[in-house]
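Me: Could you take a close look at the ligand site for me? I'd like to hear what surrounds the ligand and how it is held.

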Amino acid sequence: MPRFDVLTLFAGYFEPLRSQGICRRAFDSGALQLHAWNPRDHASGAHRSVDDRPYGGGPGMVMLAEPLLGALRAAQAARREAGLGAAPVLLFSPTGRALRQPEVQELAASEGAVLVCGRYEGVDQRFIDRYVDREISLGDFVLSGGEIPAMALIDAVARLQPGVLGDELSAQQDSFSDGLLDCPHYTRPPSFEGSEVPQVLQSGDHARIARWRRDRMIELSWLRRPELVLELERAGRLDRHDLRMLATLRARNAETSGDASGQA
Ligand code: 9D3
């Protein structure tokens with residue numbers, strides 16, 4: 001049962017996770033635990049400051065190491081109290097590595113982690129060097145802080161908890177399709193503005209349907225994210241039929257070379 005201890009100046013961000021949707025179900029069933037710790041509660045001085053101006057000058061403010069450490073110690077003590085072992089300390093930061101599903105799966109099967117949400121221009125580097133195990137980003141765009149990335153991680157972990165999705169197949173499907181983009185989906189009506197549902201999906205031939213879906217996953221991934229397909233190929237995680245599909249796509253590519261996979 002993962003437990004997340006979140007170090008944040010904005011605990012209110014996390015309330016909707018407890019009260020809505022899939023995450024709520026995970027919390028209600030006890031499959032997941034969330035505790036927020038505010039560095040301000042561990043700040044000293046009359047003003048209880050949690051940030052200060054950067055050495056060397058420049059715009060913006062930097063989060064103070066001391067209040068973060070106070071909050072971290074409180075979180076770690078509470079975890080020990082709850083009988084848990086040492087947890088990894090993850091910092092959400094634009095300079096981190098992008099979060100990926102294998103990391104989510106690992107956390108989903110663990111006792112959880114301490115999540116540090118950065119604000120302002122960043123966190124004093126000495127806190128990172130001494131106490132942070134890993135830095136995680138949500139991708140190459142600029143947010144105002146680490147809270148939304150932390151919520152994204154908690155959501156991703158929540159939906160992997162047994163019984164939470166209400167449909168164990170969905171989670172299983174994820175691991176089957178692991179590392180590829182999903183195939184297109186269709187529902188009723190069979191004709192929408194003259195556009196038809198692919199015949200194969202209406203054929204009732206489950207083997208052919210499965211193969212069609214897998215081919216579309218490989219095709220879409222090859223066109224949009226060729227590096228994903230190459231990664232699976234390198235890892236030996238494509239079967240004979242997958243490899244034939246890939247050869248077809250490469251041949252098509254050699255004829256036209258009109259998209260990003262031309263580099264691959
Ligand atoms: C001019 C330098 N900026 C870096 C792009 C400073 C800066 C901007 C925004 C420093 C911190 C932030 C706040 N962002 C996060 O804390 C953050 C984040 C993000 O902005 N994008 C993607 N993932 C993440 S995880 C944490």
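Reply: First, a term we'll need: a polar contact here is a pair of N or O atoms within 3.5 Å. Keep in mind that this is a predicted model.

With that cut-off in hand, start with the nitrogen atoms of the ligand. A polar backbone atom of Phe141 lies 2.7 Å from a ligand nitrogen. Leu138 also uses its backbone, with an N or O atom 2.9 Å from a nitrogen of the ligand. Ser137 brings in its side chain instead: an N or O atom there is 3.4 Å from a ligand nitrogen. All three pairs count as polar contacts because the cut-off is 3.5 Å. As for cover, the ligand on its own would expose 580 Å², and the protein buries 74% of that.

Now step back to the whole shell. It has 17 residues around the ligand, and the closest are Glu121, Leu138, Gly139, Phe141 and Leu143. So Leu138 and Phe141, which make the backbone contacts, are also on that closest list. By type, the shell splits into nine nonpolar residues, seven polar ones and just one charged.

Where do they come from? Two strands, β5 (89–98) and β8 (134–137), each supply at least two shell residues. β5 gives the most, with three.

Finally, the space itself: the ligand takes up the second largest pocket of the model.

Key: Residues are numbered from 1 along each chain as its sequence is written. This is a predicted model: local features need pLDDT of at least 70, side-chain atom pairs count only at pLDDT 80 or more; totals for chains, interfaces and linings use all residues. Side-chain values use heavy atoms; hydrogens and water are left out. A residue is near a molecule or strand if one of its heavy atoms lies within 4 Å of it. A polar contact is a pair of N or O atoms within 3.5 Å; within protein, one must be able to donate a hydrogen and the other to accept it, and residues adjacent in sequence count only if both atoms are side-chain atoms. Accessible areas come from the Shrake-Rupley method with a 1.4 Å probe; for residues, only the protein chains shown count as cover. On a 1 Å grid over the protein atoms alone, a cavity is a set of points where a 1.4 Å probe fits but cannot get out, and a pocket is an open set with protein on both sides within 12 Å along at least five of seven lines; lining residues have an atom within 4 Å of a point. A molecule sits in a cavity or pocket if more than half of its atoms lie within 2 Å of its grid points. Helices (H or I, at least four residues) and strands (E, at least two) are DSSP runs, numbered from the N terminus. Ala, Val, Leu, Ile, Met, Phe, Trp, Tyr, Cys and Pro count as nonpolar, Asp, Glu, Lys and Arg as charged, and the others, Gly among them, as polar.
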